[in-house]
Amino acid sequence: MVLAYELLRSGFPYYITLGQRRITSNPVDIGFGKENIYVLTRGVLGTEIRVINWEDENLGVRGSTELFNWPAGLLVDHDENLYVSDEAKHCIVVMDKEGNHLSTWGQHGSSQGQLNRPSGMTFDTEGNILLSDTMNNRVQRFTASGEHLQTIEMPGLNNPWGIAEDAEGYIYVADWKNDRIVKLSKEGELSLTIGATGSQKGQMSRPSSVAVDQHGDIYVADRGNDRVQLFDKKGKYIQSFHGDASLSKSGLAYVLSNHQTLRLREMGDVEKAQRLDVPMTVRVDRDFRLFITDFGNHRIQVYKKDAIELSEEQIAAPMRNPILYTA
């Protein structure tokens with residue numbers, strides 16, 4: 001984690017759009033290899049992992065309903081093995097980067113190490129997997145091979161979904177039915193709560209994913225409000241992302257080759273076409289790029305943070321009644 005005292009936030013501009021309906025249909029999660037991008041899709045147009053690259057080229061399919069029925073989360077390890085959580089089968093399916101089945105682990109139940117509709121996953125700092133055990137209302141930690149290590153139960157947790165861990169080992173959980181994010185210690189002690197039910201700034205409606213960047217900034221897929229919200233490391237609301245998509249490279253090629261689609265595009269509401277529609281997952285990389293799986297629009301919207309790290313000597317002390325003027 002970058003040890004910045006404060007940030008000069010210049011902006012967080014839209015960067016690029018990846019994918020399109022015929023390739024990344026109904027994306028629910030995303031993971032990254034050395035060169036390729038893996039997009040987990042779930043819906044009538046396909047339940048599988050679609051592979052693309054940074055040029056937005058279609059590189060094929062990995063996995064299918066023969067391996068997983070109702071996938072919720074995706075992880076990609078250093079060897080580009082793919083881990084998929086399957087809500088329907090209450091298990092984790094592991095494949096290599098070519099899609100060859102390596103293993104399946106997990107058993108339905110509520111005892112230690114058992115699962116009931118597992119959803120969001122993240123690697124911890126030691127390469128183990130933190131997993132939202134959704135219908136058991138808890139978080140569990142496993143080795144990558146499926147050995148149970150820890151169960152974290154917090155009173156009041158209600159259908160945990162997305163999950164993240166920061167460099168200090170704190171765990172962030174999208175507490176879906178409580179419309180909030182909770183920050184927990186490694187032992188499960190409550191450290192911070194963000195959000196409440198609603199649609200105003202800082203409020204949430206069925207948050208489905210959470211991510212934390214190297215500055216400690218917290219990103220939330222506010223699924224029911226069709227937006228992503230950004231909070232600082234103390235939980236203060238910073239801004240929202242509502243969608244700014246342009247046509248992806250593959251989408252542009254498709255539209256230009258179809259006369260009827262071109263006409264429909266010309267007749268449509270361009271502003272509406274840019275907006276997020278049921279954002280499912282947020283991921284952020286070391287280059288401070290924010291990836292949003294835009295489920296209803298079958299694409300990934302990408303933003304990139306523009307901020308300068310400040311030391312304590314570079315900025316005035318906190319003010320009692322601050323007023324921000326545009327500079």
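**Reading strands, burial and contacts**

Mentor: Phe123 stands opposite Ile129 in strand E12. The model is predicted, so local features need pLDDT of at least 70 and side-chain atom pairs count only at pLDDT 80 or more, while totals for chains, interfaces and linings use all residues. Residues are numbered from 1 along each chain as its sequence is written, and side-chain values use heavy atoms, with hydrogens and water left out.

Trainee: How are strands and helices defined, and when do two strands pair?

Mentor: Helices (H or I, at least four residues) and strands (E, at least two) are DSSP runs, numbered from the N terminus. Two strands pair if DSSP finds at least two bridges between them. Here, E11 and E12 (residues 129-133) pair in the antiparallel sense over 4 bridges. Thr122 stands opposite Leu130 in E12. The hairpin of these strands has 5 residues between them, and Gly127 takes a positive phi near 90 degrees there.

Trainee: In what order do the strands of this open sheet stand?

Mentor: The order is E11-E12-E13-E14, with antiparallel pairing among the 4 strands. Strand E11 (118-123) and strand E14 (148-152) are at the edges; each has a single partner strand, so one side of each is left without a neighbour in the sheet. On average, neighbouring strands of this sheet are turned by 20 degrees against each other, direction ignored. Such angles lie between N-to-C directions and run from 0 to 180 degrees, with axes fitted as lines to C-alpha atoms (for helices over the stretch in contact).

Trainee: Is E11 largely enclosed or left open by the rest of the structure?

Mentor: Burial is judged by relative accessible area: buried means under 20%, exposed over 50%, and partly exposed in between (1.4 Å probe, protein chains only). In E11, 5 of the 6 residues are buried, so the strand is largely enclosed by the rest of the structure.

Trainee: Which other strands form an open sheet, and in what order?

Mentor: The order E15-E16-E17-E18 describes an open sheet of 4 strands with antiparallel pairing. Strand E15 (160-165) and strand E18 (190-194) form the edges; each has a single partner strand, so one side of each lacks a neighbour in the sheet. E15 and strand E16 (residues 171-175) run antiparallel and are joined by 4 bridges. Within this pair, Ile163 has Val173 in E16 as its bridge partner.

Trainee: How should one read burial along a helix, for instance in H1?

Mentor: One asks which side of the helix the buried residues occupy. In helix H1 (residues 249-256), Ser250, Gly251 and Val255 are buried. They cover an arc of only 130 degrees around the axis, which puts them on the same side of H1; the arc is that of the directions from the helix axis to the C-beta atoms. Lys249 and Leu256, on the other side of H1, are exposed. Helix H2 (259-267) is included in what covers the buried residues of H1.

Trainee: What is a nonpolar core, and which residues touch the most other members of the largest one?

Mentor: In soluble globular proteins, nonpolar side chains tend to be buried together. A nonpolar core is a set of buried Ala, Val, Leu, Ile, Met, Phe, Trp, Tyr and Cys residues joined through side-chain atoms within 4.5 Å. The largest nonpolar core has 16 residues, of which Ile49, Phe68 and Met95 touch the most other members. Strand E4 (36-41), E5, strand E7 (71-76), strand E8 (82-86) and strand E9 (91-95) each supply at least two residues of this core. E9 gives the largest share, 3 residues. Contact means heavy atoms within 4.5 Å. Not counting residues up to four places away in sequence, Met95 touches residues including Ile49, Leu67, Phe68, Leu82 and Val84.

Trainee: Which polar contacts join the side chains of Arg50, Glu55 and Asn136 to others?

Mentor: A polar contact is a pair of N or O atoms within 3.5 Å; within protein, one must be able to donate a hydrogen and the other to accept it, and residues adjacent in sequence count only if both atoms are side-chain atoms. Arg50 has its place in strand E5 and is buried, at a relative accessible area of 10%. Its side chain makes a polar contact of 3.3 Å with that of Glu48. Glu55 lies in the loop between strand E5 (48-53) and strand E6 (58-62), and is partly exposed at 45% relative accessible area. The side chains of Glu55 and Lys249 are joined by a polar contact of 2.7 Å. Asn136, in the loop between E12 and strand E13 (138-142), counts as buried at 16% relative accessibility. A polar contact of 2.9 Å joins the side chains of Asn136 and Asp133.
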